[in-house]
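Welcome! Take a look at the chain below, then try the short exercises that follow.

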Amino acid sequence: MNEDRFEPKIIAFMCNWCAYGAADLAGVSRLSYPPNIRPIRVMCSATVSPHHILRAFQSGADGVLVGG
Amino acid sequence: MITFKLNGKKVQGEEGQFILQVAEKYGVEIPTLCHHKGLEPAGMCRLCTVELFDGRRTRFVTACNYPIWEGMEVKTDTETVHEGRKLNVELLMARCPDIPVVKTLADQYGIEKPRFKIKDDTCILCGLCTRICQRMGNSAISLTGRGVEMKVDTPFHIQTEVCMACGACAFVCPTGHISLDKIKENISTQTVIKIPSEYDAGLKGRKPIYVPYAQAVPNMPAIDRTKCVHFKTDGCKICADFCPVGAIDHSQQDEIVELDVGSIVLAPGFDVFDPSRFDTYAYTQLPNVVTSLEFERILSATGPFSGHLVRPSDHKEPQKIGWLQCVGSRDLNRCDNAYCSSVCCMYAIKQTVIATEHSQNPLDCAVFYMDMRTHGKDFDKYYGNAEKQGVRFVRSRIHTISPVPGTDDVAVRYIEEDGTVKEEVFDMFVLSVGLEINQDIADLSKRIGIDLDEYRFTKTDSFHPVGTSVEGIYACGVFTGPKDIPQSVMEASASACAATEHLASARNTCTKILELPPERDVSSEPPKIGVFVCNCGINIGGVVKVPEVVQYAKTLPNVVYVEENLFSCSQDTQDKMSDIINQQGLNRVVVAACTPKTHEPLFQETLINAGLNKYLFEMANIRNHDSWVHANDPDAATEKAKDLIRMAVAKTNLLAPLKQTDLPVSHSALVIGGGIAGMTAAVSLAHQGYPVDLVEKSDALGGNALMLSKTAQNEDVGAFVEELIQTVNSEDRITLHTETTIGNVEGFVGNFKTELRNKEATQTIEHGVAVIATGAKEYKPVEYLYGKHDAVMTHLELDELFKKSDPRLDQTENVVFIQCVGSRDKERPYCSKVCCTHSVKSAIDFKKKNPNVNVAILYRDIRTYGKKEDLYRQAREAGVLFFSYSVDQKPEVTADGDHVVVEFTDRILNRKLAVKADILCLASAIESHWDHSMAQIFKVPLDSDGWLLEAHQKLRPVDFANDGIFLCGMAHYPKPIEESIAQAQAAAARAATVLALESIKVGGIVTDIRADLCSGCLGCINVCPYGAITFDAQKYVAEVNAALCKGCGACAAVCPSEAPALMGFNNNQLYAQIKSALNA
């Protein structure tokens, strides 16, 4: 990432059955998006609790995406 | 090995290699315009000129074709080298000033304007085209002339038939000097076209080596022998040079494999109707007239325009799109496809909805139709919603589709119901093409000896919907008649059931048991993690700097072994990985490669083979989530790959082995409902070899079918039901329980315990699966004088008269049918699916009895879908009159002595008509029993119309979300007998997949609740969608049934004390991933 510009760090919780598969398909389709997200696979977006989201912000995340 | 110096560093290369190849290996960049890995180097562009010191003197050589030798010294970026290159670029710039690659080079070397005379050529004479043409085995073009006269040309400057228009020259040309158009105009006499991509319905081209579509199984590229140049000239084979693992073998031949089988299932699919056969559709003349399949691809994210809704001719976003229904369907006169294709109405509505969603601008959608046939589950609601969204549905006949001069628009002229002629202009026009069976399939059928009907569909009877005319051969999908996905999936399972019934005794006789090493106990060992980083050929390695990532992975905590693989998933790598796990004593493994969704099971198997618990494994998705989506930013992709591996390692450090235990399966079934569906499921399961308890609440088997006379194909329903009842009674494996209801149900897939209650006693049975086939009932109308006048009756009551050959039928002179009585209204907003066919069939029967009887059918849309359309045509031929009525102008019925007078508005004449009828048959709806208690007992859902709700309407049409429980028949939705039977066979097949197991595995990724942390608040029980958590009131804690838990982890998120932990995804593991993602 370019050090001169602000580049957000985004944690993305992705449901194994939908969002994670969709992100896989984005790859298969060779779509392009900024390299700022760090995906974490979960077995359902329902398992993402406020604790996880707050923990991400505490650890320095600039944004959190829950895909499910 | 040859050692020499490259820019002062010692490097090594193989004998026979050229300087450029070795430089590339060591990452030293040398510019070139005429080099191609698959071709002999030619030293044409001179850009790769480098300085060579041979021990005595310095000279300049071209790196691409100068062979390396021991002790030489090469310099690639000295000032003289740069000066030389700059001069070369300047000369190229003077020759070809407008060529992008030359301009880019000129920018790099700081040349604004060349000092030489500027020409306007586009060819840099690199010779790539002529060399590749030679490699293709053709030499249709070569460099002709000398000196300043030199150019790429054909012999004698005339178009040649030697050129096969393969396009290789255009593909390699760095400047665009050669294009497909140029090949067409100057080089080849043969047809120059792109190879149309089958997947994109010809809207895009594809290569001779291709993966048919992204989800293809197996997901491997194949060579199209009819297009590949090698199979025409024996030349090329460049692909074999490029394949890093030598996987391409052009010498492979087709093989004939003989198999011994007990049954055959035919599922050959269908073709879409080709509208170019008829010029009336203007499909070939107008670029913006597309087929529905092409439109489907245009809407798709993986389609030719990446899901961006544009029209083909000028890529303009359309603002007005029209759909024409029944193209190649319901048309005996021109295309011989008299049947209805069943699916086009629904897909057209879907396309209007999706197009509206995709469109940036407000979109005007109009569907021109004869009858909207939305007869499936929830389809009418979908239709209604589209109408509410503003989609226009125009009942009309279109007679002309024509161009609008000066534009790419499409004009259509049509006649509305009242006879007015209208013209509308659309940006784009979609032809809703029907389904048909192609000649190849017909030929195959002939070879096998199965009978087809006049439309090339298989001849099947209503009672054997997947049977063919040859015993042991079964068919499913559109081959048995036009149908949609849910019905095809049902038939697929049904044919699997039918095909295996008589093979039940052979089950498991050809299986081998896999022997696995014992699992190593790693509980006392500190983590020893192995990381395997995959290049995936160039898929990852071409973007992510894998060696750098490998070095990085070595620095991560507890990582003791890191390796780079070319293809981690190849069998030899798997074997090697297994050896490494053992040699290195690894107890946890990370594979940084593609996606766990496709490859986790494969690598887990490798762990099992190495004696490790398969859950001591994690994947870092550095392909789909990284190299493929960040191909334009290798540095960022490399950093992300490091992060993803660090996150995976952080989690892996905290992984623990998870247990799966085997629970034995009760090899028997419970079938609830003794109608045709229930009996068919019971008989099928019994034939599969499993004991069945068949429960019927009334005192007799047969259900609604007892009241039916004939099927649409004129088969006697009574005789069939009689035979089926006898089969049930005589089948030893079926235990029949009549006048019995279901009490309590406990347990889970493979292990249910159910109470059966009758008048005398309650007994508890154990069973592995349950099939719910509780049926539906006829709606008893409150409208149209039903129950108040003898002339008014329902379908079932009319069938009763036909069954008895009641003399009343012979005295009848005027018969009226009113359709949609109780269906498609506010209370029952669905189509009852069978009534149109039933009325039309009954009308024909009246006409057969006495051709002078007047029969009128008052309808909203005639929904004689599929092959049933023949009946509709026959009825019209027999003189049955059809009048459409609208829902806000329903017919009115008044009594007149023994007769009733039916008054309605004819929409064509636009005036009121009245018929004095002896018999008024109401096509009354089919409605749910609304059996909430049954649904509750089995914890299965009912939808808002009272139908049992399957796990997935398209892909799992007979399953419930709860494992081990299946559904079929009219409890799912109204349907004709053949569909009920197919669904029952499908349910039996799905049930047999459970019953065929010795045991089921439970555990793995499931929740575990720590009793010491649980406060008994019941929060988890309330959120669990699977009913997997129960409350132990004595211990005052919640407990998880691992057999029911699907591992979603919703309970873990809701618990205030973090008592439930989703194993393999517990909070500490997730926190570790979060932390490591953000802290390098």
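The exercises go from overall layout to the nonpolar interior.

Residues are numbered from 1 along each chain as its sequence is written, with chains lettered from A and ligands numbered from 1 in the order in which they are written. This is a predicted model: local features need pLDDT of at least 70 and side-chain atom pairs count only at pLDDT 80 or more, while totals for chains, interfaces and linings use all residues.

**Exercise 1.** Describe the overall layout of chain B.

*Solution.* Start with extent: along its principal axes the C-alpha trace of chain B spans about 125 × 80 × 55 Å. Next, count elements: chain B has 29 helices and 50 strands (DSSP runs, H or I of at least four residues for helices, E of at least two for strands, numbered from the N terminus). Then look at domains, whose bounds come from an automatic or database assignment: among them are domain 2 (271-436) and domain 4 (664-776 + 928-999). The C-alpha centres of these two lie 41 Å apart.

**Exercise 2.** Find the largest nonpolar core and what builds it.

*Solution.* First, the terms. A residue is buried if 20 or more other C-beta atoms, placed from the backbone, lie within 10 Å of its own. A nonpolar core joins buried Ala, Val, Leu, Ile, Met, Phe, Trp, Tyr and Cys residues through C-beta atoms within 7 Å. Now the result: the largest core has 256 residues, and B:Ala592, B:Val771 and B:Leu920 have the most contacts inside it. Helix 26 (residues 977-995) of chain B gives the most, 12 residues. Apart from this core lies another, of 51 residues, including B:Ile99 and B:Cys163.

Technical notes: Buried ≥ 20, exposed ≤ 12 C-beta atoms within 10 Å, placed from the backbone.
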